[in-house]
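Student: I'd like a close look at the aromatic rings in this one, and at the strands around that part. Could you walk me through it slowly?

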Amino acid sequence: MITSGTIMAATFVLAAAVTLAPRTVSAETFAYVGNADSNDISVFKFDATTGEMTLVQTAAFTGVEKPGSSTPLAISPDKRVLVAGVRSQPYLAESFAIDAKTGQLTHLGNGPLADSMANIAFDRTGKALFSASYGGNKVAVNAVQANGVVAVPSQVIPTGLNAHAFLPSPDNRFVFATNLGSDQVLGFAFDAATGTLTAKDALTVKTPEKSGPRHFIFHPNGKFIYLLHELNADLAVYAYDADKGTWREQQRITTLPPGFTGKPWAADLHATPDGTFLYTSERGSNTLAAFKIDAASGRVTVIGSVPTETQPRGFAIDPTGRTLAAVGEVSNGMTVYRIDATSGALEKVKSYAVGKKPNWVEFVSLP
């Protein structure tokens with residue numbers, strides 16, 4: 001059984017014999033959709049001017065037979081590698097090289113994950129992969145080798161119930177993990193040189209009972225954190241102290257549409273690259289909610305909600321901040337919206353078929 005400290009920090013300096021091919025010049029944008037029941041990734045070429053998508057590839061997983069409950073994706077900081085988390089046994093991180101000209105994926109190899117991981121994310125250097133296990137109540141860190149393939153876990157750390165997201169701070173000094181079932185966020189110090197996590201109790205953030213903290217993002221300016229709660233669909237705004245790694249709550253607001261009386265089931269959140277607007281997805285009402293961010297305080301005001309794909313677990317915003325693409329786990333579709341530059345309101349552009357049970361979207365502008 002892999003435990004914390006089993007693989008020493010030397011893993012992080014291991015150089016693989018195979019290296020990634022040099023980049024070619026390009027200036028295209030692509031969208032990647034993880035499809036859990038299909039065990040593949042839909043690759044779309046994206047036209048930022050029109051908002052149109054064109055399917056260019058369906059990249060199948062290698063060595064995977066059974067579907068998992070979801071397919072989390074992560075893009076390396078240098079945009080050379082896409083990693084997909086496989087949530088059926090054996091639990092794997094599938095690495096793909098991203099072609100800088102075509103956006104298409106070429107399988108590089110598979111590495112072991114410590115459990116069924118609901119979320120994966122690169123550290124800011126691209127040399128480590130963080131992951132969180134909802135069912136296993138743990139987080140882990142794996143080294144990423146020079147060829148883009150993930151090595152065995154170097155640390156596996158028990159958490160409270162239902163670890164869900166595990167993301168680094170903008171400066172890579174801290175990593176935070178939501179515990180949906182324990183209503184808390186745990187904090188760790190991270191040594192990027194050795195790839196080592198150290199738990200810091202002083203960084204623990206408690207959330208209201210049965211709120212279910214799920215996903216969070218940092219504001220592009222690094223001064224604020226936005227935390228979405230699955231079980232009550234609240235959005236919480238925190239002031240972030242980058243020196244200490246501490247969170248201080250500023251605001252709490254619902255993401256549910258007016259008049260909704262069903263069971264909340266919030267999923268995902270993202271902000272535009274300029275930090276002006278923020279959006280959330282809610283699976284009970286099948287809606288996307290839009291908010292305007294106050295630049296000085298980080299607080300948000302409601303813009304409104306729009307209907308979207310059925311069970312919208314994941315979505316993403318393109319690098320220009322002008323387009324949002326949301327997928328539905330039940331509808332097996334993706335809808336693209338134009339973001340109004342002044343109001344932040346969403347206007348539907350077009351819908352597309354994707355694979356079975358899509359749950360994750362990533363945009364990448366290349367090179």
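Student: How many aromatic pairs does the count come to?

Tutor: Bear in mind that this is a predicted model: local features need pLDDT of at least 70, side-chain atom pairs count only at pLDDT 80 or more, and totals for chains, interfaces and linings use all residues. Residues are numbered from 1 along each chain as its sequence is written, and side-chain values use heavy atoms, leaving out hydrogens and water.

Rings of Phe, Tyr and Trp (its six-membered ring) pair if their centres lie within 6.5 Å; planes under 30 degrees apart are stacked, over 60 edge-to-face, the rest tilted. By this rule the count comes to 14 aromatic pairs. One of them is Phe216 with Phe218, an edge-to-face pair with 6.2 Å from centre to centre and 70° between the planes. Phe216 has a relative accessible area of 2%, so Phe216 is buried (under 20% with a 1.4 Å probe, protein chains only; exposed is over 50%, partly exposed in between). Phe218 is buried as well, with 14%. Another edge-to-face pair is Tyr238 with Trp247, at 5.1 Å between centres and 65° between planes; Tyr238 and Trp247 are both buried. These four rings belong to one aromatic cluster, which also takes in Phe174, Phe176 and Tyr240.

Now for the strands. The protein chain has 28 strands and zero helices (DSSP runs numbered from the N terminus: E of at least two residues for strands, H or I of at least four for helices). Four of the strands make an open sheet in the order E16-E17-E18-E19, with antiparallel pairing (pairing takes at least two DSSP bridges between two strands). Strand E16 (213-218) and strand E19 (246-254) are the edges, each pairing on one side only. Inside the sheet, E17 (residues 224-229) runs antiparallel to E18 (residues 234-241), and five bridges join them. Leu228 has Leu235 in E18 as its bridge partner.

Leu228 also turns up in a nonpolar core, meaning buried Ala, Val, Leu, Ile, Met, Phe, Trp, Tyr and Cys residues joined through side-chain atoms within 4.5 Å. The largest such core has 19 residues, and Tyr32, Ile41, Leu82 and Leu105 touch the most other members. Two or more residues of that core come from each of E1 (28-35), E2 (40-46), E4 (73-75), E5 (81-86), E6 (92-98) and E28 (358-366). Leu228 sits in a second, separate core of 16 residues, which also includes Leu278, Phe291 and Val300.

Let's follow the chain onwards from there. Strand E21 (residues 277-282) pairs with E22 in the antiparallel sense over six bridges, and Phe277 has Lys292 in E22 as its bridge partner. E21 and E22 make a hairpin with four residues between them, where Asn286 in the turn has a positive phi of about 55°. E22 then pairs with E23 (residues 300-307), again antiparallel, over seven bridges, and Leu288 stands opposite Val306 in E23. That second hairpin has six residues between its strands, and Gly298 takes a positive phi near 80°. Why is E22 largely enclosed by the rest of the structure? Six of the seven residues of E22 (residues 287-293) are buried, so the structure closes around most of the strand.

To zoom out, 57% of the 367 residues of the protein chain count as buried. The C-alpha atoms fill a box of roughly 55 × 45 × 35 Å along the principal axes.
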